Amino acid sequence: MYVLFLGPPGCGKGTQAQYLTEATDFLQLSTGDLIRAEIKAKTELGKQLESLYSSGKLVDGGLVLKMVQKVVASEGAKSILFDGFPRTVSQATAFGEFLQSVNKKLDCVFSFSLADSEILDRISGRMTCADCKAVYHAKTNPPKNEGICDKCGGELVKRTDDSRESVKLRLEEYHRETEPLKEFYKKENLVYEIDASQPIEMVRKQIFNKIEAISK
Ligand SMILES: [Zn+2]
């Protein structure tokens, strides 16, 4: 089964992705992680990505699609949760054509929605484990010991791009570039709406129930 998590930064989809991959055999295909891994492994693609990064340009969708194709080629038999890609309608079109060419398809697009004002409040409390990448929140999902990861004992850090100003910019970009994907996938009857203002546990149940229903 292939699913996509679509939603603004700070809507809680990272936490939900973590729940899903821990409790099921879903593989999380996070493009941010893939980009960092390619650069670290110094592959040809990694070198291209690194020069884009150092020139401050956005990584273009074609390169990201290449990485996604590599993963689907090697791990495609598993259930995959796509996270962070596609990000634009043109990427979604290319991604759809690729999936079709390998006889695969998306089974569901989980569309998370949350008001911008609440996103700004949420993100300012967010922390990530420097070691295992687990996500915490000062108010809604605090660690047992302040500043320390429950799972691995790693140090919890705030992302530098989690300041209010940079979050506002990311939200503008989301509304402009990524939100139109919702309409795109609605036309394919793939959208399952998630009200991300609900408690984390309720969102978790909703996602798990939907996935169970699709697997039948
Ligand atoms: Zn950790």
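Here's a quick tour of one helix, one small sheet and the nonpolar cores. Keep in mind that this is a predicted model. The biggest nonpolar core holds 36 residues, the sheet is an open one with three strands, and helix H2 covers residues 31–41.

**Helix H2**

- Four residues of H2 are buried: Thr-31, Leu-34, Ile-35 and Glu-38.
- Looking down the axis of H2, you'd find its buried residues within an arc of 100°, so they line one face of the helix.
- That fits a general pattern: an α-helix has 3.6 residues a turn, so residues three or four places apart point the same way.
- Flip to the other side of H2 and you meet Gly-32 and Lys-40, which are exposed.
- Right after H2 comes Lys-42, with a positive phi near 55°.

**The three-stranded sheet**

- The strand order is S6-S5-S7, and the pairing is antiparallel.
- S6 (135–137) and S7 (156–157) are the edge strands, each pairing on one side only.
- S5 (residues 126–129) is joined to S6 by three bridges, and Met-127 sits opposite Tyr-136 in S6.

**The nonpolar cores**

- In the largest core, the residues with the most contacts inside it are Phe-5, Leu-6, Leu-81, Phe-110 and Phe-112.
- Leaving out residues up to four places away in sequence, Phe-112 touches Phe-5, Leu-6, Gly-7, Cys-11, Gly-12, Lys-13, Ile-194 and Ala-196.
- Another core, of five residues, lies apart from the largest one; its members include Met-127, Cys-129, Ala-134 and Cys-149.
- As a rule, nonpolar side chains in soluble globular proteins tend to be buried together.

Notes. Residues are numbered from 1 along each chain as its sequence is written. This is a predicted model: local features need pLDDT of at least 70, side-chain atom pairs count only at pLDDT 80 or more; totals for chains, interfaces and linings use all residues. A residue is buried if 20 or more other C-beta atoms lie within 10 Å of its own, exposed if 12 or fewer, and partly exposed in between; C-beta atoms are placed from the backbone. Helices (H or I, at least four residues) and strands (E, at least two) are DSSP runs, numbered from the N terminus. The arc is that of the directions from the helix axis to the C-beta atoms. Two strands pair if DSSP finds at least two bridges between them. A nonpolar core is a set of buried Ala, Val, Leu, Ile, Met, Phe, Trp, Tyr and Cys residues joined through C-beta atoms within 7 Å. Two residues are in contact if their C-beta atoms, placed from the backbone, lie within 7 Å.
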